[in-house]
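Work through the exercises below with the sequence and the 3D view at hand. Try each task before reading its solution.

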Amino acid sequence: MSSTNQTNLPSLQLQLRQIIDHMELLVEKPGAIHSWGIEVGAALEDEAERLADLSARIAVAHRPKPVDLSLVAKSVGRHS
């Protein structure tokens, strides 16, 4: 996946959304959810965990960087 650049990201997001939409439609058919089997649910749960991890990594990368309080204390101490 490291070769995936930013221009492919919107396309990948769209594909993921379309796959999820399609699976949601399939599961609404009578009896479909029972025919999939427990292994499908387990596999989807694993992928959900991977997506949650990825979204958390993206969120952390965009959070403001913490301020080093020791540098602030030194700066304030110099101006007193």
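**Exercise 1. Find how much area the protein exposes, and what share carbon and sulfur atoms supply.**

Solution. The protein exposes about 7,400 Å². Carbon and sulfur atoms supply 62% of it. Such areas come from the Shrake-Rupley method with a 1.4 Å probe; for residues, only the protein chains shown count as cover.

This is a predicted model: local features need pLDDT of at least 70, side-chain atom pairs count only at pLDDT 80 or more, and totals for chains, interfaces and linings use all residues. Residues are numbered from 1 along each chain as its sequence is written, and side-chain values use heavy atoms, with hydrogens and water left out.

**Exercise 2. Count the helices and strands, then give the share of buried residues.**

Solution. Start with the elements: there are four helices and zero strands. Both are DSSP runs numbered from the N terminus (helices: H or I, at least four residues; strands: E, at least two). Along the sequence the pattern reads α-α-α-α. Next, burial: 1% of the 80 residues are buried. Buried means under 20% relative accessible area, exposed over 50%, and partly exposed in between (1.4 Å probe, protein chains only).

**Exercise 3. Locate the salt bridge and describe its two partners.**

Solution. The structure holds one salt bridge: a side-chain nitrogen of Lys or Arg within 4 Å of a carboxyl oxygen of Asp or Glu. Arginine 50 pairs with glutamate 47, and their closest N and O atoms are 3.0 Å apart. Both sit in helix H3 (residues 38-61), three residues apart, so about one helical turn separates them. Arginine 50 is exposed at 57% relative accessible area. Glutamate 47 is partly exposed at 39%.

**Exercise 4. Name the residues of the nonpolar surface patch and the helix that gives the most to it.**

Solution. Leu16, Ile20, Leu51, Leu54 and Ile58 make a patch of about 400 Å². Patch residues have over 30% relative accessible area and no salt bridge; like charges are joined within 9 Å, nonpolar side chains (Val, Leu, Ile, Met, Phe, Trp, Tyr) within 5 Å. Helix H1 (9-27) and H3 each supply at least two residues. H3 gives the most, with three. Leucine 51 lies in H3 and is partly exposed, at 39%.
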